[in-house]
Amino acid sequence: MNTSKMRRKVVPAAVDNGDSADKLDQLLLSASICNGEDVGPFVRKAFASGKPETLLHHLRHFTRSKESEIEDVCRAHYEDFITAVDDLRSLLSDVDSLKSSLSNSNSQLQSVAVPLLTTLDSFVEARNKCTNITLAIQSLRTCVQLVELCSRANRHLSENNFYMALKCVDSIEREFVNKTPSSTLKRMLEKQIPAIRSHIERKINKEFGDWLVEIRVVSRNLGQLAIGQASASRQREEELRIKQRQAEEQSRLSLRDCVYALEEEDDDGFDGISDDAKDGNGILGFDLTPLYRAYHINQTLGLEDRFKQYYFENRKLQLTSDFQVSSMTPFLESHQTFFAQIAGFFIVEDRVLRTGGGLVSKLEVENLWDTAMSKMCSVLEDQFSRMQTANHLLLIKDYVSLLGVTLRRYGYPVEALLDVLSKHRDKYHELLLSDCRKQITEVLAADKFEQMYMKKEYEYNMNVLSFQLQTSNIMPAFPYVAPFSCTVPDCCRIVRSFIEDSVSFMSYGGQLDFYDVVKKYLDRLLTEVLDGALLKLINTSIGGVTQAMQMAANMAVFERACDFFFRHAAQLSGIPLRMAERGRRLFPLTKARDAAEEMLSGLLKQKVDGFLLLIENVNWMVDDPPQGGNEYVHEVTIFLETLVSTAQQILPVQVLKRVLQDVLFHISEMIVGALLGESVKRFNVNAIMGLEADVKMLESFAESQATLLSEADASQLKAALAESRQLVNLLLSNHPENFLNPVIRERSYNALDYRKVVTISEKLRDQSDRLFGSFGTRGSKTNTKKKSLDALIKRLKDVN
């Protein structure tokens with residue numbers, strides 16, 4: 001195989017600056033061809049410049065220039081050329097076979113590689129797409145999560161679920177702001193997140209402001225509800241106490257057939273407010289959800305301390321506003337709203353303290369309560385000092401005591417309020433006494449001193465049984481004429497109302513045992529007011545026996561009523577009746593009772609004095625003793641019998657006994673006075689025997705009252721005639737000197753005054769002293785009695 005010779009590289013000669021560009025291109029083309037370099041750039045340049053003819057010209061010129069060289073080389077190397085040609089020819093055949101082989105191999109390679117390359121291109125393209133898609137999916141997933149959170153936050157905002165909205169915003173800020181692939185979204189988030197928080201803060205503060213406005217109305221209603229429940233509970237307690245008193249009264253009266261049953265009372269609802277209300281959704285809308293929501297949102301926003309201060313300051317301002325008492329509205333009309341507002345305020349604060357999670361502290365609530373207590377005490381002091389009506393004072397006191405009961409259940413100390421109530425106890429009772437004095441005066445002024453007429457049983461229950469004025473447990477027949485006038489039940493109602501008002505004021509005031517206080521003021525009412533009014537009525541308005549008798553009957557009924565008053569006061573005060581009866585005092589209307597009986601006795605005495613004027617017609621020197629007594633005593637006896645038959649219908653027997661006893665004593669005095677008077681200059685034994693018959697008739701009348709009164713009372717009536725009886729006995733005695741014997745005198749003549757005995761004895765004349773006296777009547781016996789009587793007169797004068 002022939003070795004190839006090295007080919008010399010042709011370098012283009014340098015051209016002068018004056019050669020043209022075409023000459024230079026020709027030389028460069030010739031050099032490239034000579035060196036076997038690629039002429040492609042020249043071809044592209046020619047076509048790019050639009051001058052392919054120039055290239056063809058240069059190629060023809062190069063061919064012509066090389067033809068002579070080819071000829072020279074061919075001549076010089078002809079043999080070698082021939083050999084080379086032969087080699088080339090043989091090489092050409094090898095090349096043709098190689099070309100065929102290469103062509104076949106290329107065809108096979110093309111047939112195999114083309115699908116593979118196509119697949120490879122598809123794989124690379126798919127891989128690039130997959131990477132891009134994965135990145136896109138990750139970005140989309142992040143954006144979807146972000147959009148979902150944003151959508152959720154918007155939904156929570158639209159539903160006013162601010163806490164969840166804030167949690168979504170915090171999650172967006174924490175997890176997505178720095179990871180968001182979109183710069184637009186990132187800018188939007190950085191702008192909207194603070195705006196959302198500001199929006200939530202404004203919104204929740206507005207809701208809290210609305211709650212502050214609403215809670216004032218709710219607090220007032222809540223306070224009224226809580227105080228109303230306290231009042232209902234107190235009413236149930238009162239009903240139980242009434243049942244207990246009824247049971248005690250029945251037991252005291254030994255009503256064995258009574259059946260007692262223990263009734264269980266439901267105590268639902270008196271826990272200040274109902275359970276629903278405590279949880280926030282009570283019947284009055286006691287809802288703390290807006291408050292706790294605002295507190296929670298502010299905690300989430302990091303504004304907890306600021307919100308606490310804001311809440312406390314606003315509530316303090318509300319409380320200060322609640323303290324304002326309108327001068328345009330009477331306190332009696334506004335006191336319930338005033339105290340209910342404060343009660344509701346502190347019920348709410350108690351709930352916030354216990355369930356607010358530290359929103360307010362115990363010290364802050366205590367400070368608010370101290371301020372409220374000071375203000376309430378000041379208002380009460382001021383208002384009580386202005387009030388001049390006991391009922392107004394009682395109404396406010398009752399509501400304040402209910403306020404104290406209500407707030408004490410929530411742990412608030414109320415002793416200062418109770419102290420203010422106790423401080424005005426005396427003023428209240430003075431006003432109450434003044435009111436009762438006016439009422440009693442009006443009742444007494446309207447009294448017609450007529451027995452009360454009752455047609456129906458309810459009237460009897462209302463006017464008699466309700467004050468325990470009955471003398472028998474048997475229901476009378478109707479219509480019923482009571483022994484008293486309408487004054488008695490009317491005054492009883494006034495006194496009972498006084499007792500109940502007094503007990504009501506003293507009850508629930510912090511003092512458990514207040515019976516002594518109630519009893520003290522009841523004594524004052526009876527002794528100072530009622531007794532004084534009755535005494536004035538007796539002294540100024542009674543003008544006849546009928547009125548005086550009705551007044552005395554009223555006083556007897558008042559005596560039973562007073563027992564009821566003290567028992568009623570004891571029962572209302574929770575004191576056992578046995579303790580009240582043990583400390584019972586005397587009848588408090590003694591002055592009026594005594595004055596009524598004295599008035600009745602005085603009027604009866606005046607009537608009797610009219611009949612006793614007939615004593616002037618008695619013949620004191622009568623020859624024979626009058627048979628059946630003198631005329632005056634018959635008139636007196638008829639009057640007394642008529643009096644008894646009338647008086648026993650309305651007067652109790654003891655009152656009737658005392659009046660009759662006083663009248664009989666007066667009659668006795670008048671008989672003795674007649675003998676003692678100047679109109680009787682002298683009398684004889686026959687006249688005394690006539691007086692003895694008169695006294696015996698009066699004694700018979702007294703003894704006949706035993707069926708109405710009793711044997712003992714009849715004996716006391718008879719004893720009222722002791723002076724006249726003993727005087728008659730002495731003047732008719734055979735031994736009048738026994739009067740000087742202390743023992744006999746104490747036993748038989750203790751009612752006689754020796755001065756009267758002297759005066760009357762000196763007037764006694766014997767029958768022989770008459771101008772035409774019968775000689776047959778002069779005996780030694782009479783002379784002995786006369787001597788004894790003279791001796792008695794002489795001895796008594798010596799003693800005098």
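Reader: Which residues of H9 are buried?

Author: The buried residues of H9 are Phe307, Tyr311, Phe312, Arg315, Gln318, Leu319 and Asp322. This is a predicted model.

Reader: Why say that the buried residues of H9 line one face of the helix?

Author: Look down the axis of H9. Its buried residues fall within an arc of 130°, so they line one face. In general, an α-helix has 3.6 residues a turn, so residues three or four places apart point the same way.

Reader: Which exposed residues does the face turned away from the buried side of H9 carry?

Author: Asp305 and Leu317 are the exposed residues there.

Reader: How do you know that the span of helix H9 agrees with its 19 residues?

Author: Helix H9 covers residues 304-322. At 1.5 Å a residue, it should span 27 Å, and its end C-alpha atoms are 27 Å apart, which agrees.

Reader: What makes Arg354 and Asp350 a salt bridge?

Author: The cut-off is a side-chain nitrogen of Lys or Arg within 4 Å of a carboxyl oxygen of Asp or Glu. For Arg354 and Asp350 the N to O value is 2.9 Å. The pair therefore meets the cut-off.

Reader: Where do Arg354 and Asp350 lie?

Author: Both sit in helix H10 (residues 331-355). They are 4 residues apart, about one turn of the helix.

Reader: Why is Asp350 called buried?

Author: Buried means under 20% relative accessible area. Asp350 has 8% relative accessibility, so it counts as buried.

Reader: What makes Lys423 and Glu381 a salt bridge?

Author: Their closest N and O atoms are 3.3 Å apart. The limit is 4 Å, so the pair qualifies. Lys423 is in helix H13 (residues 415-423) and Glu381 in helix H11 (residues 362-386), so the pair ties together parts 42 residues apart in sequence.

Reader: Why is Lys423 called exposed?

Author: Exposed means over 50% relative accessible area. Lys423 has 58%, so the term fits.

Reader: And why is Glu381 called partly exposed?

Author: Its relative accessible area is 24%. Partly exposed lies between the 20% and 50% limits, so Glu381 belongs there.

Reader: What makes Lys718 and Glu703 a salt bridge?

Author: Their side chains meet at 2.7 Å, N to O. That is within 4 Å, so the rule is met. Lys718 is in helix H24 (residues 711-719) and Glu703 in helix H23 (residues 685-704), and the two are 15 residues apart. Lys718 is partly exposed, at 31% relative accessible area. Glu703 is partly exposed too, at 42%.

Reader: Which residues do salt bridges that share partners join into one network?

Author: Glu692, Lys696, Glu699 and Arg725. By this rule, the count comes to 26 salt bridges.

Reader: Which residues touch the most other members of the largest nonpolar core?

Author: Phe346, Phe565, Leu640, Leu651 and Phe683 do. This core has 196 residues. Helix H18 (residues 545-572) gives the largest share, 18 residues. Leaving out residues up to four places away in sequence, Phe565 touches Cys492, Val495, Ile499, Leu522 and Leu526. In soluble globular proteins, nonpolar side chains tend to be buried together.

Reader: How many helices and strands does the protein chain have?

Author: It has 28 helices and 4 strands. Of its 800 residues, 39% are buried. Take contacts between residues at least 6 apart in sequence: 78% join residues at least 24 apart. The accessible surface comes to about 44,800 Å², and 53% of it belongs to carbon and sulfur atoms.

How values were computed: Residues numbered from 1 in each chain as written. Predicted model: local features only at pLDDT ≥ 70, side-chain atom pairs only at ≥ 80, totals over all residues. Heavy atoms only, no water. Buried < 20%, exposed > 50% of the residue type's maximum accessible area, 1.4 Å probe, protein only. Contact = heavy atoms within 4.5 Å. Areas by Shrake-Rupley, 256 points an atom, 1.4 Å probe, with all protein chains shown as cover. Core = buried A, V, L, I, M, F, W, Y, C linked by side-chain atoms within 4.5 Å. Expected span 1.5 Å × (residues − 1). Arc of directions from axis to C-beta.
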